[in-house]
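Thanks for coming. I will go through one structure, a few elements at a time, so please keep the picture in view.

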Amino acid sequence: MSKPWTLDDMPSQQGRTILVTGTGGLGFEDALAFARAGGEVILAGRNPTKGADAVRQISEIVQCAAVTFEQVDLGNLDSIEALAERLKGRRDHLDVLINNAGVMTPPVRKTTDDGFELQFGTNYLGHFVLTARLLPLLLRAQEPRVVTLSSIAARRSNVAIDFDDLQAARSYKPMPVYSQSKLACLMFALELQRRSEKAGWGITSIAAHPGISRTDLLHNAPGRHSAQGLLRSLLWFLFQPASQGALPTLFAATSPDARGGRYYGPNRLSETRGHPTEAQIPPQAMELRVAKRLWDISEQMAGIAYEDQAATVADQVSGAQLLRQEG
């Protein structure tokens with residue numbers, strides 16, 4: 001990029017509807033930036049109290065901000081479906097989906113309400129299902145974008161999708177499992193772009209990562225007194241502000257220069273901080289057979305098919321055209 005991209009370069013979001021998962025940290029900064037740019041923002045999260053507080057803060061900062069909260073638990077497939085059904089009953093399209101929320105390195109293995117390992121089930125599978133459920137709304141938008149958050153943890157050379165122990169049931173190590181979930185997120189973003197191009201969905205799918213940013217993820221997951229939490233507390237100056245870490249996501253979601261199937265992150269110090277630039281995609285994220293297998297397994301695990309979700313829109317369009325002809 002010829003010059004560093006900042007919020008001053010963010011195009012107007014007037015007339016666009018954006019859904020962001022996660023009410024704190026990066027999600028809050030994303031929502032605030034979209035509201036400032038005139039977009040209609042839906043903040044989706046598990047905790048209504050935190051959600052209401054985030055909406056209040058944004059409304060205090062941005063006069064007449066169009067921001068609302070919707071409750072969803074990404075670790076509960078029924079909750080994801082319920083959110084999608086509520087939105088489909090109230091709206092006719094969705095312009096941008098930011099798959100941001102996540103959990104990081106709980107010290108012991110935990111599971112979602114549906115029995116999936118917590119990090120895989122929330123960070124990756126929950127967003128895989130949410131995107132599928134919202135596909136009908138995305139397909140009705142003019143230039144829909146889906147931005148999925150990965151992490152520099154996904155580029156570790158020993159990270160791979162472990163199909164033999166995908167849920168870490170036999171061996172649970174917090175950081176490798178977290179890294180696998182974020183590799184899965186990256187592979188999902190790239191595969192969604194390939195499938196969108198093949199099927200003619202018109203969805204631009206992009207991956208992004210925030211570098212190393214000051215959020216509460218380390219404090220909330222392994223804990224404030226864990227090794228990671230102490231690192232976050234004592235070496236806070238090594239972590240860039242969440243507002244800076246949000247820039248690659250916002251660039252991917254709004255810039256006319258952002259391209260589908262690309263990966264964006266910070267431009268300095270091995271992608272740990274700085275302004276948005278094209279990030280390095282680890283070789284394992286480009287393994288097409290693995291990406292296809294992961295996609296197929298994910299659909300089976302969740303009991304959902306993207307093609308079926310897309311077909312509902314095609315059926316509705318055909319029905320509307322038939323009605324117009326008969327009228």
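Let me begin with helix 3, where Leu77, Ser79, Ile80, Leu83, Ala84 and Leu87 are buried. Those residues sit on the same side of helix 3, because they cover an arc of only 165° around the axis. The face turned away from that buried side carries Asp78 and Gly89, which are exposed. Before I go further, note that this is a predicted model.

Helix 3 covers residues 77–90, which makes 14 residues. From the first C-alpha to the last it reaches 20 Å, close to the 20 Å expected at 1.5 Å a residue. What covers the buried residues of helix 3? The cover includes three strands, namely strand 1 (17–21), strand 2 (40–45) and strand 3 (66–71). It also includes helix 4 (118–133), helix 5 (135–139) and helix 11 (288–302).

Now one residue from that cover. Val129 lies in helix 4. Is Val129 buried or exposed? Val129 counts as buried, because its relative accessibility is 2% and the cut-off for buried is under 20%. Leaving out residues up to four places away in sequence, Val129 touches Leu77, Ile80 and Ala302. Leu77 and Ile80 are among the buried residues of helix 3. Take the pair Val129 and Ile80: in sequence they are 49 residues apart, while their C-alpha atoms are 7.4 Å apart in space.

The remaining partner, Ala302, takes us to helix 11, where it is one of the buried residues. The others in that list are Val290, Ala291, Leu294, Trp295, Ser298 and Glu299. Here too the arc around the axis is only 165°, which puts the buried residues on the same side of helix 11. On the other side, Arg289 and Gln300 are exposed. Helix 11 has 15 residues, and its reach of 21 Å between first and last C-alpha is close to the expected 21 Å. After helix 11 comes Gly303, with a positive phi near 65°.

Next, helix 1, residues 25–36. How many of the twelve residues of helix 1 are buried? Nine are, so helix 1 is largely enclosed by the rest of the structure. The buried residues include Leu26, Phe28, Leu32 and Phe34, and also Asp30. They pack against strand 1 and strand 2, and against helix 2 (48–61), strand 4 (96–99), helix 9 (242–245) and helix 10 (247–254). As for length, the end C-alpha atoms of helix 1 are 17 Å apart, which agrees with the 16 Å that twelve residues should span. Gly38 follows helix 1, and its phi is positive, near 95°.

Now to the loops. Leu94 sits in the loop between helix 3 and strand 4. Leu94 counts as buried, because its relative accessibility is 2%. What is Leu94 in contact with, leaving aside neighbours within four places in sequence? The list is Thr17, Ile18, Leu19, Leu134, Leu137, Leu138, Ala141 and Pro144. Leu94 and Ile18 are 76 residues apart along the chain, yet their C-alpha atoms are separated by 6.5 Å.

The loop between strand 9 (263–268) and strand 10 (273–278) holds Leu269, and Glu271 is found there as well. Each has a positive phi in a residue other than glycine: near 50° for Leu269, and near 65° for Glu271. Which way round is the exposure? Leu269 is exposed, because its relative accessible area is 56% and the cut-off for exposed is over 50%. Glu271 is buried, with a relative accessible area of 13%.

One more feature, a pocket. The second largest pocket holds about 270 Å³ of space. Of the 14 residues that line it, the closest to its centre are Ala160, Asp162, Pro176, Val177 and Gln180. By class, the lining has six nonpolar, four polar and four charged residues.

I will end with the chain as a whole. It has twelve helices and ten strands. Of its 327 residues, 54% count as buried. Taking contacts with a separation of 6 or more, 73% are between residues 24 or more positions apart. Val129 with Ile80, at 49 residues apart, was one pair to keep in mind here; Leu94 with Ile18, at 76, was another. That is all from me.

Conventions: Residues numbered from 1 in each chain as written. Predicted model: local features only at pLDDT ≥ 70, side-chain atom pairs only at ≥ 80, totals over all residues. Heavy atoms only, no water. 1 Å grid on protein atoms, 1.4 Å probe; cavity = no way out; pocket = protein on both sides within 12 Å on 5 of 7 lines; lining within 4 Å. Points joined across faces, edges and corners; volume = space filled by probe spheres on them. Nonpolar A, V, L, I, M, F, W, Y, C, P; charged D, E, K, R; others polar. Helix = DSSP H or I, 4+ residues; strand = E, 2+ residues; numbered from the N terminus. Expected span 1.5 Å × (residues − 1). Buried < 20%, exposed > 50% of the residue type's maximum accessible area, 1.4 Å probe, protein only. Arc of directions from axis to C-beta. Contact = heavy atoms within 4.5 Å.
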